[in-house]
Amino acid sequence: MKIDHEVAFETFRTKLNQSSLIRRSEWKKVAGLPFVYLWLEDHVDQRMLEDALKLCAATAMRGKRLTLEMSYVRKNQAFYVYRIRFLVPQRKMFCCGNLCDDCIRFTS
């Protein structure tokens, strides 16, 4: 059984490959962190790329309690490199007294 962030990554990769702005994408793990190398179509700039990445991530995270961590790493003449991570929420271990919706007091 796959957990939420694994399913989100698969959906994200599928949506990314379907994007008309991206010619090719390649995934590499370095030190356990996922990096995506993106070759773009000629008319695409970095702002358009980041909007497309966020849209693909939003689609992948729909219905799940995940957040996106996206970091621009570098640009080569041929491609862009981003670090993409889907973070799962950490469960609270104590009550902070702020009447949070997900307070530990409300779990059984």
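**Entry 1: Y82 and the main core**

I started at Y82 and listed its contacts, skipping neighbours within four places in sequence: P34, F35, V36, L38, Q46, L49, E50, L53, M70, S71, Y72 and V73. A reminder to myself before going on: this is a predicted model.

Next I looked up the largest nonpolar core, which has 22 residues. Y82 is among the members that touch the most other members, along with F12, L16, L38, L49 and F86. I then checked which elements feed this core, and found that α1, β2, α2 (46-61) and β4 (80-87) each give at least two residues. Helix α2 gives the most, with seven residues. My general note here is that nonpolar side chains in soluble globular proteins tend to be buried together.

There is also a second core, separate from the big one, with five residues. F35, W39, F79 and V81 are among them.

**Entry 2: E50**

E50 was on the Y82 contact list, so I went there next. I found E50 in helix α2. Is E50 buried, exposed or partly exposed? Its relative accessible area is 22%, so I wrote it down as partly exposed; the cut-off for buried is under 20%.

Beyond four places in sequence, E50 touches M70, Y72 and Y82. I also looked up the distance to L66, which is 16 residues away along the chain: the C-alpha atoms are separated by 18 Å.

**Entry 3: Y37 and S25**

I moved on to Y37, which sits in strand β2 (residues 33-40). Y37 counts as buried because its relative accessibility is 12%, and the limit is under 20%. With residues up to four places away left out, I listed R24, S25, E26, K28, R74, F79, Y80 and V81 as its contacts. Two of these names, F79 and V81, I had already met in the second core.

How far apart are the C-alpha atoms of Y37 and S25? I read 5.5 Å, for two residues 12 apart along the chain.

S25 itself lies in strand β1. Ignoring neighbours within four places, I have S25 in contact with L16, N17, V36, Y37 and L38. With N17 there is something extra to jot down: the two side chains are joined by a polar contact of 2.8 Å.

**Entry 4: A31**

A31 is in the loop between β1 and β2. I checked its backbone and found phi near 55 degrees, a positive value in a residue other than glycine. A31 counts as exposed because its relative accessibility is 80%, and exposed means over 50%.

**Entry 5: the largest pocket**

Last, I went looking for empty space. The largest pocket has a volume of about 160 Å³. Which residues line this pocket? I noted H5, E6, F9, E10, R13, W27, K28, K29, G32, P34 and F35. K28 was familiar as a contact of Y37, and both P34 and F35 as contacts of Y82. F35 also turned up in the second core.

By element, α1 (4-18), β1 (22-30) and β2 each supply at least two lining residues. The largest share comes from α1, with five residues. By type, I sorted the lining into four nonpolar, two polar and five charged residues.

Notes
Residues are numbered from 1 along each chain as its sequence is written. This is a predicted model: local features need pLDDT of at least 70, side-chain atom pairs count only at pLDDT 80 or more; totals for chains, interfaces and linings use all residues. Side-chain values use heavy atoms; hydrogens and water are left out. Helices (H or I, at least four residues) and strands (E, at least two) are DSSP runs, numbered from the N terminus. Buried means under 20% relative accessible area, exposed over 50%, partly exposed in between (1.4 Å probe, protein chains only). Contact means heavy atoms within 4.5 Å. On a 1 Å grid over the protein atoms alone, a cavity is a set of points where a 1.4 Å probe fits but cannot get out, and a pocket is an open set with protein on both sides within 12 Å along at least five of seven lines; lining residues have an atom within 4 Å of a point. Grid points are joined across faces, edges and corners, and a volume is the space filled by probe spheres set on the points. Ala, Val, Leu, Ile, Met, Phe, Trp, Tyr, Cys and Pro count as nonpolar, Asp, Glu, Lys and Arg as charged, and the others, Gly among them, as polar. A nonpolar core is a set of buried Ala, Val, Leu, Ile, Met, Phe, Trp, Tyr and Cys residues joined through side-chain atoms within 4.5 Å. A polar contact is a pair of N or O atoms within 3.5 Å; within protein, one must be able to donate a hydrogen and the other to accept it, and residues adjacent in sequence count only if both atoms are side-chain atoms.
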